[in-house]
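Biologist: Please walk me through this one and give the reasoning behind each label. I will ask what each term rests on.

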Amino acid sequence: MEEHSAKWIIRGNKLLDETAATSIRGYLSMLYDHLDKDDQRPVVPLSHGDPSAFACFRTSPEAVDAIVHAVQSAEFNSYAPTIGILPARRAVAEYLSADLPYNLSADDIYLTVGCTQSIEVILSALARPGANILLPRPGYPLYESRASFSKLEVRHFDLIPEKGWEVDLESVEALADENTAAIVIISPGNPCGNVFSYQHLKKVAETARKLGIFVIADEVYGHIAFGSNPYVPMGEFGSIVPVLSLGSISKRWIVPGWRLGWIATCDPNGILKKYGIVDSIKSYFNIQAAIPQIFEKTKEDFFSKTINIMREAADICYEKTKEIPCVTCPHKPDGSMFAMVKLNLSLLEDISDDMDFCLKLAREESVIILPGVAVGLKNWLRITFSIEPQSLEQGLDRMKAFCQRHSRK
């Protein structure tokens, strides 16, 4: 049969196309397409949280050895249980329990292909007709796109920049109703670089309990805290409100390409099991063999070195942005790998919004920064400081020159 005579009824999924276009990678793809190919300067990526490409951010040799040992043993080449192999789940439970007032067991852990799959699993488990979920603004856009895909209504509560990006708890109470399934809390924060205090997280827990909803705690940047607030896991308050904690080895061990994450049920009162959430997660559902050795043998000085580099980079980012008149950073980063800065368009000529700023910055200076609209905050910018300090300074100097060139005369 000739090609022109075939009548094809194949169709792509438009919802997936729309989701991809509004993802962080969708925005970054657009920005990279606007780079000047004739600019011989190296591109400075101040846009995404993957420091693994830089020599100063290498994972621990113990982690590499654990992977090699697991592969060479030939003991883990068969299909794994859908929720993860027992030794790895047990290791994650022990790792998380060290920061909690109670102990988790392997039965509380579900291993996933990175934290992305954790989000997919949980939001799919929550999807039901009429249900809604409370998401932070600004926040991580995957939650919104996945909720839309699962037909979950999204309701946004604000984070308050003047209060270190704390949750506006009054807006949370106003948004919730009998169809609210859960609230998402991200700490250490992406995109804001904040770390919630013990006191604030306790208030979040008490508010969620009052509303009868559970907390989804995105803790993929867990322990990457270098400011005044120490990292406190939301599971600390599991006796007040049930918590699903999402984590991975991607950020703390600097191996996002290894794609190993988890969901942990931090719920000593068994509420999530009683109301069917645990069964829904199990119904949805594999590296894993290396996890026990990675957790057990990685030395503390590896983590200390990473934190010190991050702290230095955050200081550079904060101080250098002070030199750029068209942006303001309301809160010095305390954790994760990001800072949010507010763009003052009144000081600039020929710049219409944050997206226009980032496109022209990419074209003129070969610097990639994520526009705030990508994370739900228009006319802000998300700057990643998890790159080599020299490249960070270079990128921010180029951004300063760009702003000076476009400043109103």
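## Labels and their grounds

Modeller: P188 sits in the loop between β6 (180-186) and α8 (198-211). Bear in mind throughout that this is a predicted model.

Biologist: What makes the bond between S187 and P188 cis or trans?

Modeller: Its omega is about -10 degrees, and the bond is cis. A cis peptide bond also joins R137 and P138, where omega is about 0 degrees. P138 belongs to the loop between β3 (132-137) and α6 (141-149).

Biologist: Why are such bonds worth listing?

Modeller: Because most peptide bonds are trans. Phi values are listed on similar grounds, because most residues other than glycine have a negative phi.

Biologist: Which value of phi does W165 have, and where does W165 lie?

Modeller: Phi of W165 is near 65 degrees, which is positive in a residue other than glycine. W165 is in the loop between β4 (153-160) and β5 (166-167). S366 also has a positive phi, near 55 degrees, and is not a glycine. The loop that holds S366 runs between α13 and β12.

Biologist: Why is W165 classed as it is, buried or exposed?

Modeller: The relative accessible area of W165 is 1%. Buried means under 20%, so W165 is buried. S366 has a relative accessible area of 1% as well, so S366 is buried too.

Biologist: On to the sheet. How many strands form the sheet, and in what order?

Modeller: Five, in the order β1-β12-β13-β11-β10; the sheet is open and the pairing mixed.

Biologist: Why are β1 and β10 said to stand at the edges?

Modeller: β1 (44-46) and β10 (327-328) each have a single partner strand, so each has one side without a neighbour in the sheet.

Biologist: How do you know that β10 pairs with β11?

Modeller: Two strands count as paired if at least two bridges are found between them. Two bridges join β10 to β11 (residues 338-343), so the pair meets that condition. These two strands run antiparallel, and T328 stands opposite K342 in β11.

Biologist: Which strands does helix α2 lie across, and which does α13 lie across?

Modeller: Helix α2 (residues 24-33) lies across β1, β12 (367-371) and β13 (380-384), at about 140 degrees to β12. Helix α13 (residues 354-365) lies across β11, β12 and β13, and its angle to β12 is about 170 degrees.

Biologist: Now the charged pairs. What makes R41 and E365 a salt bridge?

Modeller: The cut-off is a side-chain nitrogen of Lys or Arg within 4 Å of a carboxyl oxygen of Asp or Glu. For R41 and E365 the N to O distance is 2.8 Å, so the pair qualifies as a salt bridge. The structure holds 17 salt bridges.

Biologist: Why do R41 and E365 get the burial labels they have?

Modeller: R41 has 33% relative accessibility, so R41 counts as partly exposed. E365 has 5%, so E365 is buried.

Biologist: What distance separates N and O in the bridge of D315 and K332, and what parts of the chain does that pair link?

Modeller: The distance is 2.7 Å, N to O. D315 is in helix α12 and K332 in the loop between β10 and β11, 17 residues apart. D315 is partly exposed at 29%, and K332 is partly exposed at 34%.

Biologist: Which residue does D397 form a salt bridge with?

Modeller: K320, with the closest N and O atoms 2.6 Å apart. The pair links D397 in helix α14 (residues 389-405) to K320 in helix α12, 77 residues apart. D397 has 36% relative accessibility, so D397 counts as partly exposed. K320 has 15%, and the limit for buried is under 20%, so K320 is buried.

Biologist: Which residues are joined into one network?

Modeller: D39, R41, E364, E365 and R405, through salt bridges that share partners.

Biologist: Last, the core. Which residues touch the most other members of the largest nonpolar core?

Modeller: L126, I216, W253, W262, F295, F357 and M399, out of 141 residues in that core. Helix α12 (residues 300-322) gives the most to the core, with ten residues.

Biologist: What does F357 touch?

Modeller: Leaving out residues up to four places away in sequence, F357 touches C326, L343, L348, I351, L381, M399, F402 and C403.

Terms used. Residues numbered from 1 in each chain as written. Predicted model: local features only at pLDDT ≥ 70, side-chain atom pairs only at ≥ 80, totals over all residues. Heavy atoms only, no water. Core = buried A, V, L, I, M, F, W, Y, C linked by side-chain atoms within 4.5 Å. Buried < 20%, exposed > 50% of the residue type's maximum accessible area, 1.4 Å probe, protein only. Helix = DSSP H or I, 4+ residues; strand = E, 2+ residues; numbered from the N terminus. Contact = heavy atoms within 4.5 Å. Axes fitted to C-alpha atoms, helices over the stretch in contact; angles between N-to-C directions.
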